[in-house]
Amino acid sequence: MEATTILPILKKKLAFLSGGKDRRSGLILTIPLSSDQTSMEELSATLDYLLSIPSEKCKARGFTVIVDGRKSQWNTVKTVVLMLQNVIPPEVSLVCVVKPDEFWDKKVTHFCFWKEKDRLGFEVILVSANKLTRYIEPCQLTDDFGGSLDYDHIDWLNKRLVFEKFTKESTSLLDELSIINDADKSSSVDKDKSADCALLPSFDPETVLQTGPAWCPMEEELLAQPQVMKLLDSLREQYTRYQELCRQRNKRTQLDEIHAKVMQVVTWLQGPGSELLKTQQTIGDSMRSAQALQQKHEEIESQHSEWFAVYVELNQQIAALLSTGEEEEVAELKALQQQLSDVCYRQAAQLESRQNVLQAAQGFHTTTQELSQQLDGLLGMLCADVAPADGASIQQNLKLLEEKLQTVEAGLASLRQKGALLLEQMCSQPSWPLEETESPTTEQQDSVQHIQSVMEDMQLRKQRCEDMVDVRRLKMLQMVQLFKCEEDALQAVEWLGELLDALLKTHVRLGDDSQETRTMLDKHRKFVDVAQSTYDYGRQLLQATVVLCQSLRCTTRSSGDTLPRLNRVWKQFSVSAEERQQRLELALNFHTAAERVLQQERVEAESLDEVDSLGKTLLDRLTMPVIFPDGSEQFFGSPGDTAAAAEGVRERLLLVEERRLQLQEARLHNDGDEGEEEVFLELEEMFKVQKGIRNKFHSV
């Protein structure tokens, strides 16, 4: 009998086993009668259920029944006691009827139970609640009888329901697990099928096993029968076998799933994935086309990335199974792993090789475009007319031209390097499976020819530009030389003008004696030689300018007036230098004659007259200007400079006159005193003339 079938009756608490024990360790069965009419059928059903709970060992120790009649009529109590002989097992030795304080007639009641003792088979006593402890310890009585034993009927009933549910489910589960395990043991499971719902038990084994040990609400004799522990042991054993069976089935299922996924990845990579890569063999003919190919390749890589992610996941699953698999399973897993890895790595190598080729192609096309632009810029510069204003601008243009040429050379070298790298990348691409041809495809051959053609074309363009640069460089160097010649010719004119200016303004002195005059004459000749060299240098520069203009075919140059200026300055210098030389030579003759007259003891009158004549000629020459070929005039130095030079000549003339007088005095002294007075008068007259000349010189 299960509690669920009489659950409403059990909830009425018509009888219960509190767990208390009498002095013989027998269980105490309590029947609390109420004031309401008690159904004997329900009470009988309750007693039958309760008495089915204890084990045989527990029943052997006997029972003590407490009939609580304090709230009931005597007839009801009597009926219950008489009914006990039909439901209570022979192990019941004592029935305690708890009477109310004002109970029925003692003689009647006692007589009746005493008279029926032999027929009932057990002793019935009437006892008040406070004297019940004579037969049962207070700790074994509930609080209804003044005892200390805790008992909650609803809690007991709920736990009893849980226990019966566990017993029912565990028994059913044990049968199901036995059938499943025996079926798997008797016949091998098809490897191509996975565990289905038919192999699943009706109850969750984990839940059932957790419910069993979790409850111990009452004494072991009441609820935890020995068969429960045996049932749990059997259930654990069958469940362990079932878990192993499920583990094997799950492992087989995992192997089948992994095998299917591996074949799916391998099929796609060797099929559609490889076809996508095989259709992408070109490198493009420009940077824009190479970028479009790169974008297409990134789309292909994105598609492959999804399958590579599946490969990583499968590899992890296979690694996990390898650590726990059996020998046969390990061999199968390793074969799948090797096949998957080979295909994935081969495809990844193809993707990487294609990516390297596209990157090299982009670098090659980018460099080609840049080099083409550089060549266009250089060609445009070479085709433009050269009309610089001066030599500095020509030098700047020439420097810019050289820089552009160097940039082109560097660009061409970079193009060769990147072209060689691209060809190397294309030739080093991994081959496809052996059943396919390994000869280069038409697209690859066209790409190689395109690369070589581009490099040859750029080389030819660069060579043409180099030839044009050589011509332009020569022309610009000639123009630089032309400007330099013109500048140097103008500089020669300026230098010659400065020499002329220095000659006229500073070359005025004639020297105080013959030695100084001779030195000045030598310096003058050197000065004239410097001017002559300057003039010759200017003439040569102007002749070179004419030749360069003819070579450059430029007739509108501003150097046409330089030659007349040079000739004009040179003629002026030549006239001035000739005049200066004549004056120095005249001064040298004058000083030489004067020094000879002044140093000799005997001097002829003709010598003195010659000195006077030279001095006067020199003084006259100092007052004369230089007359240039164009009719213009120019004096040497300032008037003060001219006066200083003339003063030196006059002082020398005075010394010569004094020498003349000395000679005359000596001659007079030798002739005696004759005509002394006459001589004295002549000398006095001569000194007057000399004083007049000196005053006139100072005034000038």
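Here are some notes on the fold, going from the whole chain to one sheet, the helices packed on it, and a separate helix pair.

1. **The chain overall.** Keep in mind that this is a predicted model. The chain has 700 residues, and 41% of them count as buried. Its secondary structure adds up to 18 helices and seven strands. If you take the contacts between residues at least 6 apart in sequence, 83% of them join residues at least 24 apart.

2. **The sheet.** Five strands make an open sheet in the order β1-β2-β3-β4-β5, and the pairing is mixed. At the edges you find β1 (16-21) and β5 (123-127); each has a single partner strand, so one side of each lacks a neighbour in the sheet. On average, neighbouring strands are turned by 25° against each other, ignoring direction.

3. **The antiparallel end.** β1 and β2 run antiparallel and are joined by three bridges. Lys21 has Leu27 in β2 as its bridge partner. The hairpin of β1 and β2 has five residues between the strands, and Ser25 takes a positive phi near 70° there. Worth a look when you trace the turn.

4. **The parallel part.** From β2 (residues 27-32) to β3 there are six bridges, and these two strands run parallel. Leu27 turns up again here, with Phe63 as its bridge partner in β3, while Leu29 stands opposite Val65. On the other side of the pairing scheme, β3 and β4 (residues 92-98) are also parallel, with six bridges between them; Asp68 stands opposite Val98 in β4. Five bridges then link β4 to β5, again parallel, and Val95 faces Val124 in β5.

5. **How enclosed is β3?** Which way do the side chains of β3 point, and are they buried or exposed? Phe63, Val65 and Val67 go one way and Thr64, Ile66 and Asp68 the other, and all are buried. That is the pattern to expect, because side chains in a regular strand alternate between the two faces of the sheet. With six of the six residues in β3 (residues 63-68) buried, the strand is largely enclosed by the rest of the structure.

6. **β2 and Thr30.** The story for β2 is similar in kind: five of its six residues are buried, so the strand is largely enclosed by the rest of the structure. Thr30 is found in this strand. Why does Thr30 count as buried? Its relative accessible area is 3%, and the cut-off for buried is under 20%. Leaving aside neighbours within four places in sequence, Thr30 is in contact with Ala15, Phe16, Ile66 and Phe145. Of these partners, Ile66 has already come up as one of the buried residues of β3.

7. **Helices on the sheet.** Back to the sheet, where five bridges join β4 to β5. Helix α2 (residues 40-51) packs on the sheet and touches β1, β2 and β3, with its direction at about 165° to that of β2. Helix α4 (residues 74-87) packs on the sheet too, touching β2, β3, β4 and β5, and its direction makes about 160° with that of β3.

8. **α2 against α4.** These two helices also meet each other: their axes come within 11 Å and cross at roughly 45°. That angle makes α2 oblique to α4. The crossing is right-handed. On the α2 side the contact involves Met40, Leu43, Ser44, Leu47, Asp48 and Leu51, and on the α4 side Thr79, Val80, Met83, Leu84 and Val87. Sorted by class, the residues of this contact are eight nonpolar, two polar and one charged.

9. **α10 and α11.** What angle do the axes of helix α10 (residues 287-322) and helix α11 (residues 327-383) make where they cross? They cross at roughly 160° and come within 10 Å. α10 and α11 are therefore roughly antiparallel to each other, since angles over 145 degrees count that way. α10 passes α11 in a left-handed crossing. The contact of α10 with α11 has 18 nonpolar, 13 polar and three charged residues.

How values were computed:
Residues are numbered from 1 along each chain as its sequence is written. This is a predicted model: local features need pLDDT of at least 70, side-chain atom pairs count only at pLDDT 80 or more; totals for chains, interfaces and linings use all residues. Side-chain values use heavy atoms; hydrogens and water are left out. Buried means under 20% relative accessible area, exposed over 50%, partly exposed in between (1.4 Å probe, protein chains only). Helices (H or I, at least four residues) and strands (E, at least two) are DSSP runs, numbered from the N terminus. Two strands pair if DSSP finds at least two bridges between them. Axes are lines fitted to C-alpha atoms, for helices over the stretch in contact, and angles run from 0 to 180 degrees between N-to-C directions. Contact means heavy atoms within 4.5 Å. Angles under 35 degrees count as roughly parallel, over 145 as roughly antiparallel, 65 to 115 as roughly perpendicular and the rest as oblique. A crossing is left-handed if the near helix is turned anticlockwise from the far one by less than a right angle, and right-handed if clockwise. Ala, Val, Leu, Ile, Met, Phe, Trp, Tyr, Cys and Pro count as nonpolar, Asp, Glu, Lys and Arg as charged, and the others, Gly among them, as polar.
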